[in-house]
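Colleague: I am new to reading protein models, and I would love a close look at a single part of this one. Could you pick a spot and walk me through its surroundings?

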Amino acid sequence: MNSMDKAWLPSSGPMPRPESVEQAREVIKNEAFDAPNVQEITFNALEFTAVCPKTGQPDFGRVEISYVPDEKCIESKSLKFYLWSYRDEGSFCETLAARIADDVVYAIDPLKVTITVYQSARGGIELKTTAIREKAAQ
């Protein structure tokens with residue numbers, strides 16, 4: 001069974017470990033639900049982990065996802081699954097913000113999304129990176 005066959009989460013029981021960021025991206029798209037009448041939604045993922053692509057060491061931090069929905073919303077369990085997929089992914093903080101923003105656009109096509117990745121201090125340096133995607137006015 002390939003990762004695209006598993007692009008949905010089980011309705012109960014333990015959550016499976018993500019096979020890849022690409023698979024997890026499909027899950028957030030497939031698990032999205034119709035947006036109610038809300039103006040802005042913000043998630044704060046306080047326990048985000050990725051891997052430094054240079055050293056292989058873990059990078060700890062948090063991710064803030066704020067978006068203005070259009071027709072769809074992100075289901076929180078699928079977002080947890082998606083963010084978990086980065087645990088073994090080598091990526092710079094700047095790349096993470098951009099990629100997560102692009103994946104949110106892919107999954108739910110919001111009117112606007114702002115992703116801020118806060119990387120915890122390592123070597124005395126903290127890092128904050130923001131990526132914004134917005135639909136063009138029509």
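Modeller: Happy to! Let us start at Thr 129 and ask who its partners are. Leaving aside neighbours within four places in sequence, Thr 129 is in contact with Cys 93, Glu 94, Ala 97, Ile 115, Thr 116 and Val 117. Keep in mind that this is a predicted model. Thr 129 itself sits in strand E6, which covers residues 125-134. Is Thr 129 buried or exposed? Its relative accessibility is 12%, and buried means under 20%, so Thr 129 counts as buried.

One of those partners, Ile 115, leads us further inside. The largest nonpolar core has 32 residues, and Ile 115 is among those that touch the most other members, along with Val 63, Ile 65, Tyr 67, Tyr 82, Ile 100 and Val 104. Which elements build this core? At least two residues each come from H1, strand E2 (41-51), strand E3 (58-68), helix H2 (76-84), H3 and E5. H3 gives the most, with eight residues.

Now look at Val 63, another of the well-connected core members. Not counting residues up to four places away in sequence, Val 63 touches Phe 43, Asn 44, Ala 45, Phe 48, Ile 100, Ile 115, Thr 116 and Val 117. You will recognise Ile 115, Thr 116 and Val 117 from the list of partners of Thr 129.

The helices that supply this core also meet one another. The axes of helix H1 (residues 21-30) and helix H3 (residues 93-108) come within 8 Å and cross at roughly 40°, so H1 and H3 are oblique to each other. On the H1 side, the contact includes Val 21, Arg 25 and Ile 28, and on the H3 side Arg 99, Asp 103, Tyr 106 and Ala 107. By class, the residues of this contact are four nonpolar, no polar and six charged.

H1 also meets H2: their axes come within 8 Å and cross at roughly 170°, which makes H1 roughly antiparallel to H2. Val 21, Arg 25 and Ile 28 are among the H1 residues here too, while H2 brings Ser 78, Leu 79, Phe 81 and Tyr 82. This contact has seven nonpolar, two polar and one charged residues.

Finally, let us follow the chain on from H3. Asp 109 is in the loop between H3 and strand E5 (112-122). Asp 109 has a positive phi of about 50° although it is not a glycine. Most residues other than glycine have a negative phi. With a relative accessible area of 38%, Asp 109 is partly exposed.

Methods. Residues numbered from 1 in each chain as written. Predicted model: local features only at pLDDT ≥ 70, side-chain atom pairs only at ≥ 80, totals over all residues. Heavy atoms only, no water. Axes fitted to C-alpha atoms, helices over the stretch in contact; angles between N-to-C directions. Helix = DSSP H or I, 4+ residues; strand = E, 2+ residues; numbered from the N terminus. Parallel < 35°, antiparallel > 145°, perpendicular 65-115°, else oblique. Contact = heavy atoms within 4.5 Å. Nonpolar A, V, L, I, M, F, W, Y, C, P; charged D, E, K, R; others polar. Buried < 20%, exposed > 50% of the residue type's maximum accessible area, 1.4 Å probe, protein only. Core = buried A, V, L, I, M, F, W, Y, C linked by side-chain atoms within 4.5 Å.
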